[in-house]
Amino acid sequence: MEKEFAVIETGGKQYMVTEGLTLKIEKIKGDFKPGDSVVFDKVLLVDNGKDTTTIGEPYITGASVNAELVSIGRAKKVVVIKYKAKSNYFKKRGHKQPFFEVKITKLV
């Protein structure tokens with residue numbers, strides 16, 4: 001049995017999602033807290049798992065994906081080092097990318 005799935009766009013990236021899937025996405029602007037509901041309306045493709053596939057140009061009008069915000073966090077630190085030998089040049093910078101962890105609740 002095939003599962004119904006959709007392809008959404010958020011944070012400049014595309015994700016293939018199904019109901020019940022938990023994934024990490026780029027942080028969304030706005031005031032959110034865990035437990036909030038999030039709606040993704042930029043749906044690129046919907047497949048019902050049987051015989052129908054709908055492809056948007058670029059998005060499908062009227063289609064959306066509902067999700068629940070599970071947690072808000074920051075990824076592991078990425079350390080960037082710039083170094084030039086024999087010139088006393090050394091720069092060390094760190095960055096922690098913020099993310100939302102969401103659970104897909106419904107494909108509409």
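Strands are taken here as DSSP runs of at least two residues in state E, numbered from the N terminus. On this basis the chain, examined as a predicted model, follows the pattern β-β-β-β-β-β-β-β-β-β when read along the sequence, with ten strands and zero helices.

The overall dimensions of the chain were considered next. The C-alpha trace spans about 65 × 30 × 25 Å along its principal axes, and the radius of gyration of the chain is 19 Å, whereas a compact globule of 108 residues would have a value near 13 Å. Of the 108 residues in the chain, 28% are buried. The accessible surface amounts to about 7900 Å², and carbon and sulfur atoms contribute 51% of this area. Among the contacts with a separation of 6 or more, 61% are made by residues that lie 24 or more positions apart. With regard to charge, the chain carries 20 positive and 13 negative side chains, and a distance of 20 Å lies between the centres of the two sets.

Two parts of the chain were then examined in detail, beginning with the hairpin of β8 and β9. Strand β8, comprising residues 78-84, runs antiparallel to β9 and is joined to that strand by seven bridges; within this pairing, K82 has K91 in β9 as its bridge partner. Four residues lie between the two strands of the hairpin, in which K86 adopts a positive phi near 60°. Strand β9, formed by residues 89-95, is hardly covered, and the count of buried residues among its seven residues is zero.

A contrasting environment is found at I25, a residue of strand β3, which covers residues 22-26. Because its relative accessibility is 3%, and the cut-off for a buried residue is under 20%, I25 counts as buried. When residues up to four places away in sequence are left out, I25 touches T10, Y15, F40, F99, F100 and V102. The position of I25 was also compared with that of N66, which is 41 residues away along the chain; the C-alpha atoms of I25 and N66 are separated by 14 Å. As a general point on strand geometry, side chains in a regular strand alternate between the two faces of the sheet.

Taken together, these results describe a chain with ten strands and zero helices, in which I25 is buried at 3% relative accessibility, while strand β9 has a count of zero buried residues.

How values were computed. Residues are numbered from 1 along each chain as its sequence is written. This is a predicted model: local features need pLDDT of at least 70, side-chain atom pairs count only at pLDDT 80 or more; totals for chains, interfaces and linings use all residues. Side-chain values use heavy atoms; hydrogens and water are left out. The radius of gyration is taken over C-alpha atoms; the globule rule is 2.2 Å times the number of residues to the power 0.38. Buried means under 20% relative accessible area, exposed over 50%, partly exposed in between (1.4 Å probe, protein chains only). Contact means heavy atoms within 4.5 Å. Accessible areas come from the Shrake-Rupley method with a 1.4 Å probe; for residues, only the protein chains shown count as cover. Lys and Arg count as positive and Asp and Glu as negative; His and the chain ends are not counted. The place of a charge is taken as NZ of Lys, CZ of Arg, CG of Asp or CD of Glu. Two strands pair if DSSP finds at least two bridges between them.
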